[in-house]
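Work through the exercises below with the model open. Each task is followed by a stepwise solution.

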Protein chains: 2
Amino acid sequence: MKIVIIGSGNVAFHLAKAFTQNEISVSQIFGRNETDLKEISEVLGIPFSTEKLLDADLYVIAVKDESIEEVSKIIKEKNCLVAHTSGSVEIEKLIGNYRKASFYPLQTFSKTKSLDYDKIPFFLEAKNDQDFDLLKKLAQKISPKVMKSTFEQRKYIHLTAVFACNFTNHLFAKAKEISDSQNIPFDYFLPLIDETVEKIHQISPKDAQTGPAIRQDEKILNSHKKLIKDKDAKDIFEVMNTSIKNMYKNQNSEL
Amino acid sequence: MKIVIIGSGNVAFHLAKAFTQNEISVSQIFGRNETDLKEISEVLGIPFSTEKLLDADLYVIAVKDESIEEVSKIIKEKNCLVAHTSGSVEIEKLIGNYRKASFYPLQTFSKTKSLDYDKIPFFLEAKNDQDFDLLKKLAQKISPKVMKSTFEQRKYIHLTAVFACNFTNHLFAKAKEISDSQNIPFDYFLPLIDETVEKIHQISPKDAQTGPAIRQDEKILNSHKKLIKDKDAKDIFEVMNTSIKNMYKNQNSEL
């Protein structure tokens, strides 16, 4: 099977690397950015081109969401499978007379950081079982966590990641503003943050909750409220405390 | 120097263990719960009592916030230092004619989990330099992260931890509600969560931010908004997105 990866960004690089490491041969990486393609090509030993797209059985389009539609049009072959790697785009956005699919790795990729690819979950969608099985076999060579998912489900997957990762990171940023204001080094909080995350590898986050809000400790909640000057931090504080209280409301009244 | 730890909960256990491991001798653990004290005593080889408090140079009161005041009254000695371990209590809540201090380890403790004590930051406060230096030497035997902090600062430290850990955990719990609703295993998100936290060990959370809100991707934001049914999740979604947009407002307009 001939595989071509289209794109020269972080997702393209890491997918190409994950394929190569797991003895899945990639015939070409194709894109517009010659500098980036050349770099990937040299690191992974995969031929690249900015002009002539190779014939292939599978094209993996690993480009920004907003470019998928346009990029998908350059594939003129019919007897091939084309998969994009986005969690937020329907497979119908792929424009061409080929078979369409989605090959969505749930991970943030940065070029410099090496990743354990076997920990990355893959969410797959294809229009027919044969294509799905092909993608499944590929993904399973990389990771044990492979799951079928519709576009609707991918949206929820993305939303879950937004809550669990994007919002979480923003909480760290707001927390750092608070500790910075008192000249307390933010890295003093890293062990506690690590511990918080380690805990949810063992028990469900709902069972792991601690802090003043779940204890309904109004004295501490009020004293904290007075410390917060920033409007957004104040809003986050209110909304999170309300949500925590609501999640455990019935539980507490049973105590 | 004779040290007595008062309390039989998780903080008392882990402090006693951290002391013992670092060749700081603990003369007694004292408390009300005989079963728990006996267990700690057997594991760490420290004598315990529920009745007769030993004379000591340093008493570390490791009990719940609301019990500190009451417990502090049982120390009748004058020529001694008494330190509580709370981030949320003034040292003035210690009632007695002894010297007063705070010895606050920033970590969540659970009895079953073993901890790397050398990663735990200690925040210290004492009324005079000699007492402060004594506590500093003790803390530094356990951890390299030792810092002076006033009660006012401890409140900010606690508040930072609430944002970075308690609220973060609640985001995980709300995220799990979303993935559960689609029968997507929440543990599929753990590698991404781990990666999110690993990143802030290397770069500041402000620089690590990703996701639809910082990209001002209104299309995705709207499509996500429509997926959320739960009122609290909706409120969290709105407040977090607004706060992310505000944090990077000037930055984006410069792009």
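**Exercise 1.** Which residue stands opposite Ala101(A) in strand 6 of chain A?

*Solution.* The model is a predicted one. Start at Ala101(A) in strand 6 of chain A; Ala83(A) stands opposite. Next, place the neighbouring strand. Strand 5 of chain A covers residues 81–84, and it pairs with strand 6 of chain A in the parallel sense over four bridges.

Now turn to strand 7 of chain A, residues 122–126. Strand 7 pairs with strand 6 of chain A in the antiparallel sense, over five bridges. One of the bridge partners there is Phe122(A), matched with Pro105(A).

**Exercise 2.** Decide whether strand 6 of chain A is enclosed, and inspect each face.

*Solution.* Recall the rule for a regular strand: side chains alternate between the two faces of the sheet. Take one side of strand 6 of chain A: Arg99(A), Ala101(A), Phe103(A) and Pro105(A) are all buried. Take the other: Lys100(A), Ser102(A) and Tyr104(A) are buried too. Both faces are therefore covered, and with seven of the seven residues in 99–105 buried, strand 6 of chain A is largely enclosed by the rest of the structure.

**Exercise 3.** Give the strand order of the open sheet in chain B, and name its edges.

*Solution.* Eight strands of chain B line up as 3-2-1-4-5-6-7-8, with mixed pairing. Strand 3 (48–49) and strand 8 (146–148) of chain B are the edges, each pairing on one side only.

Check a pair inside the order. Strand 1 (residues 3–6) and strand 4 (residues 58–61) of chain B run parallel, joined by four bridges. Ile6(B) has Ile61(B) as its bridge partner in strand 4 of chain B.

Then add a helix. Helix 1 of chain B, residues 10–21, lies across strands 1, 2, 4 and 6 of chain B. Its angle to strand 1 of chain B is about 160 degrees.

**Exercise 4.** Describe how helix 5 of chain A packs against helix 6 of chain B.

*Solution.* Two values are needed: packed helices are described by the angle and the distance between their axes. Helix 5 of chain A (residues 151–181) and helix 6 of chain B (residues 190–199) pack at about 5 degrees, with axes 10 Å apart. The angle makes the two helices roughly parallel.

List the contacts. Ala161(A), Ala164(A), Cys165(A), Thr168(A) and Asn169(A) meet Leu192(B), Ile193(B) and Thr196(B). Sort them by type: five nonpolar, three polar and no charged.

Note on methods:
Residues are numbered from 1 along each chain as its sequence is written. Chains are lettered from A and ligands numbered from 1 in the order in which they are written. This is a predicted model: local features need pLDDT of at least 70, side-chain atom pairs count only at pLDDT 80 or more; totals for chains, interfaces and linings use all residues. A residue is buried if 20 or more other C-beta atoms lie within 10 Å of its own, exposed if 12 or fewer, and partly exposed in between; C-beta atoms are placed from the backbone. Two strands pair if DSSP finds at least two bridges between them. Two residues are in contact if their C-beta atoms, placed from the backbone, lie within 7 Å. Axes are lines fitted to C-alpha atoms, for helices over the stretch in contact, and angles run from 0 to 180 degrees between N-to-C directions. Angles under 35 degrees count as roughly parallel, over 145 as roughly antiparallel, 65 to 115 as roughly perpendicular and the rest as oblique. Ala, Val, Leu, Ile, Met, Phe, Trp, Tyr, Cys and Pro count as nonpolar, Asp, Glu, Lys and Arg as charged, and the others, Gly among them, as polar.
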